[in-house]
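Work through the exercises below with the sequence and the model at hand. Each task is followed by a solution in steps.

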Protein chains: 2
Amino acid sequence: MDNLLKYIHSLTVFSDKSWELLQPALAKKAFQKNELLLKEGEVCNSLFYIEKGYCKTYYEIDGMVKNTGFFFENEIATNITSFGSGRKSEFNIIACEPLTAILFDKKELFQAAKQANEIETLGRNCIRLFASKQEEFSNLFKLYSARERLQYLEVNHPGMIQRVSLSQLASFLGVARETLSRIRKRRMLM
Amino acid sequence: MDNLLKYIHSLTVFSDKSWELLQPALAKKAFQKNELLLKEGEVCNSLFYIEKGYCKTYYEIDGMVKNTGFFFENEIATNITSFGSGRKSEFNIIACEPLTAILFDKKELFQAAKQANEIETLGRNCIRLFASKQEEFSNLFKLYSARERLQYLEVNHPGMIQRVSLSQLASFLGVARETLSRIRKRRMLM
DNA sequence: GCTAACCTGTGATAATCGTCACATAATTAC
DNA sequence: GTAATTATGTGACGATTATCACAGGTTAGC
């Protein structure tokens with residue numbers, strides 16, 4: 001839990017008492033590669049703090065897998081819409097490697113947040129980071145071409161390029177696998 | 001302030017006392033058409049609850065305006081990254097019509113949130129809605145073609161289609177103005 | 001080690017899109 | 001009302017991309 005505590009302290013002031021109050025909401029869980037953290041049609045009742053490994057969010061449309069996000073160590077993965085509203089999730093979250101996560105249970109978390117304002121603040125900050133990340137990647141498509149989007153990842157998220165295969169990255173960047181391969185080749189020649 | 005209070009009650013439990021404590025953080029402000037709510041390079045210290053009118057977020061890159069978001073009545077506009085981190089904003093927010101907004105001042109809001117957990121919870125819920133919206137529009141690009149993205153707006157956000165001109169909508173949908181005009185024409189023939 | 005599954009590269013071709021140019025509304029300012 | 005500005009439609013053409021097909025390389029499981 002050390003990593004999580006560090007993560008929390010990087011976000012907000014957090015007393016030992018808050019940490020204690022938070023404990024009932026936390027549960028460590030290991031996932032195998034290709035094991036689902038959240039399945040389409042289920043309600044998302046957890047925030048997944050990723051301790052080790054990485055996962056992705058994906059839609060399955062007409063039998064085709066469309067990756068919409070990748071989440072790595074010291075990030076929180078969730079379906080924020082489903083988590084917040086209680087509606088069913090329209091997408092899946094799956095482990096891309098053996099993964100260790102600490103789950104924040106929604107009900108217990110809300111319970112704890114009522115007792116300690118610091119926990120409520122922590123929740124707000126987690127969601128804020130999540131929103132910032134969504135905004136960042138959303139804007140990529142409005143501001144840049146496919147080639148520039150790849151370049152952006154190379155500069156700003158090199159870890160993603162290193163760990164995610166070209167095929168997986170393609171739908172995330174909104175292009176066909178073959179196109180991404182050709183873009184990468186063209187970029188290397190320049 | 002009636003609209004705002006309704007909005008708040010739709011999000012969370014909110015006592016009269018919380019509403020009173022929140023007052024010092026609120027300020028009503030009118031903007032003319034084409035007046036900036038937030039300017040690139042400034043730090044965003046407000047959440048803008050939109051009472052009447054609408055605004056957009058846009059980047060200016062190489063002299064070209066790229067619209068990244070539109071915000072209408074009963075929504076909150078802000079630069080969540082700048083607001084949360086205190087860093088300078090990389091984009092502008094501008095009124096597209098005469099606009100009335102209620103500004104949440106960051107400093108005062110945080111002060112109030114320390115005194116009332118309900119206000120902290122409200123903040124979390126506002127950000128959650130914001131994150132959901134970002135996620136929704138971000139995924140459009142990964143899941144759908146340009147034509148399908150237009151169709152999605154027609155079905156799910158008809159108000160946006162009605163109020164935002166084709167030229168303005170184009171960069172938001174990630175296509176050239178001329179392309180959007182042709183897509184619309186093709187769709188009408190079917 | 002061997003097989004099967006997955007990943008990457010590449011050619012051909014059709015579809016889509018961006019850009020430039022210009023014409024015609026529609027709106028705004030005075 | 002008139003002029004100026006802005007918004008939209010459209011043709012032409014080059015650039016980019018999706019799709020299908022297939023080959024070779026890499027990885028993982030047994």
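**Exercise 1: contacts to DNA strand D**

A polar side-chain atom of R184(B) is 3.2 Å from a phosphate oxygen of DNA strand D. This is a predicted model, in which local features need pLDDT of at least 70, side-chain atom pairs count only at pLDDT 80 or more, and totals for chains, interfaces and linings use all residues. Residues are numbered from 1 along each chain as its sequence is written, chains are lettered from A and ligands numbered from 1 in the order in which they are written, and side-chain values use heavy atoms, with hydrogens and water left out.

Task: find which side chains have a polar atom close to a base nitrogen of DNA strand D, and at what distance.

Step 1. In chain B, a polar side-chain atom of R182(B) lies 2.6 Å from a base nitrogen.

Step 2. In chain A, an N or O atom in the side chain of E178(A) is 3.3 Å from a base nitrogen of the strand.

Step 3. Now place these residues in elements (helices are DSSP runs of H or I with at least four residues, strands are runs of E with at least two, numbered from the N terminus). Two or more residues near DNA strand D come from each of helix 9 (177-188) of chain A, helix 8 (166-173) of chain B and helix 9 (177-188) of chain B. Helix 9 of chain B gives the largest share, six residues.

**Exercise 2: the surroundings of DNA strand D**

Task: state how many residues surround DNA strand D and how they divide by class.

Step 1. Count residues with a heavy atom within 4 Å of the strand: there are 17, and T179(A), S167(B), R177(B), S181(B) and R182(B) are the closest.

Step 2. On the DNA side, sugar and phosphate make up 44% of the strand atoms that come within 4 Å of the protein.

Step 3. Sort the residues (Ala, Val, Leu, Ile, Met, Phe, Trp, Tyr, Cys and Pro are nonpolar; Asp, Glu, Lys and Arg are charged; the others, Gly among them, are polar). The result is eight charged, five polar and four nonpolar.

**Exercise 3: chain B against chain A**

Task: describe the interface of chain B and chain A by its residues in contact and its salt bridges.

Step 1. With contact taken as heavy atoms within 4.5 Å, 36 residues of chain A meet 35 of chain B.

Step 2. A salt bridge needs a side-chain nitrogen of Lys or Arg within 4 Å of a carboxyl oxygen of Asp or Glu. Two are found across the interface; one of them joins R124(B) and E120(A), at 2.4 Å from N to O.

Step 3. On the side of chain B that touches chain A, helix 5 of chain B supplies the largest share, 18 residues. By class, this side has 15 polar, 13 nonpolar and seven charged residues.

Key
Polar contact = N/O pair within 3.5 Å; in protein donor to acceptor, adjacent residues only side chain to side chain.
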